[in-house]
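Biologist: I'm new to this one, so could you walk me through it and tell me how each label is earned?
Modeller: Happy to, so let's bring it up.

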Amino acid sequence: MTTVTERELLRDALGLLRDREQVAERLLESSAKHSFDPDRELDWDAPTEDGKWFWPPELLSLYDTPLWRKMSEEQRMDLARHEAASLASLGIWFEIILMQLLVRHIYDKSLTSNHVRYALTEIADECRHSMMFARMIKKGGAPTYRVPRIYHNLARVLKTVSTTPGSFAATLLGEEILDWMQRLTFPDERVQTLVRGVTRIHVVEEARHVRYAREELRRQMVSAPRWERELTRVSCGEAARVFATCFVNPQVYENVGLDRREAVAQVKASGHRREVMQSGAGRLTEFLDDIGVLNGVSRRLWKSSGLLA
């Protein structure tokens, strides 16, 4: 007689959940074949290339605004350099949070399981990514852009009290929007070769991280108690609002010689920017909606963030 385990019975709107250990085993195999050492993979000694962007112009916050049309090409390219540094700074902040959340997730789990082995592999990936982003910022000559202190300190609370499904929902929020932008960046020959190399490495390795987080969030939204699922919906919605607020540091505008208030106002009013951000979040919001994360107050918070139409 075959015994059907609880694990095999877990199902959500997307279908039967895959075995956690089998998923991790496949991700470990992929990691062994497709992992990179940015220090060796990229030419950090090559000079920056004249006439090339640090970020695709269409993905810049001010693109197609009245202010953008007044800016010189040189100022636009300088904005791209600073926005790339701002996004890389945000990425480092987020990856440091993610690493701590992953450590918390595996603390009580079997140390010899594939699931834990993959989490440790992902942490190693994120360490390399953070160092790679920092080196890219320094190479571009722009400053590091920290998130506002209130959000920096709120993240201390998140790292301490976040539930498991909340951690994986936040992980996807931080990874999938940037991933969408980077998939447009690395094949773009208008962009600096170094930046294209950085985004290519990040896209390849983050694909595994997204798979791991999606599978675990699905499992948690089926198996976690009701209070935890409700808390995840609220915390995920609030995280979306914070993430959208911090996406580009307003100091960027001052550093390229623009009026900060005018720039921020035009970004908020920009239909193009709204479309870019919602397109970047589209695949994620569809997934979250399918598994029941965007119910009730969560949907209202996501709409207020501007990431959901």
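Modeller: In this predicted model, the second largest cavity holds about 70 Å³ of space.

Biologist: What makes that a cavity?

Modeller: A cavity is a set of points where a 1.4 Å probe fits but cannot get out. The search turned up four cavities of 30 Å³ or more.

Biologist: Which residues line the second largest cavity?

Modeller: R18, R20, V23, A24, H115, Y212, E215, E216 and R219. Helix α9 gives the most, four residues. By class, that lining splits into three nonpolar, one polar and five charged.

Biologist: And how is the lining of the largest cavity divided by class?

Modeller: Into nine nonpolar, three polar and no charged residues. That cavity has a volume of about 110 Å³, and α5 supplies the largest share of its lining, four residues.

Biologist: R200 sits in helix α9. Why is R200 called partly exposed?

Modeller: Its relative accessibility is 29%. Partly exposed runs between the 20% and 50% cut-offs, so R200 belongs there.

Biologist: Why does C246 count as buried?

Modeller: Buried means under 20%, and C246 has a relative accessible area of 7%, so the label fits.

Biologist: How do you know how many disulfides there are?

Modeller: A search of the whole structure finds zero. Take C246: the nearest cysteine sulfur, that of C236, is 15 Å away. A disulfide needs the two sulfur atoms within 2.5 Å, so C246 is in none.

Conventions:
Residues numbered from 1 in each chain as written. Predicted model: local features only at pLDDT ≥ 70, side-chain atom pairs only at ≥ 80, totals over all residues. Heavy atoms only, no water. Buried < 20%, exposed > 50% of the residue type's maximum accessible area, 1.4 Å probe, protein only. Helix = DSSP H or I, 4+ residues; strand = E, 2+ residues; numbered from the N terminus. 1 Å grid on protein atoms, 1.4 Å probe; cavity = no way out; pocket = protein on both sides within 12 Å on 5 of 7 lines; lining within 4 Å. Points joined across faces, edges and corners; volume = space filled by probe spheres on them. Nonpolar A, V, L, I, M, F, W, Y, C, P; charged D, E, K, R; others polar.
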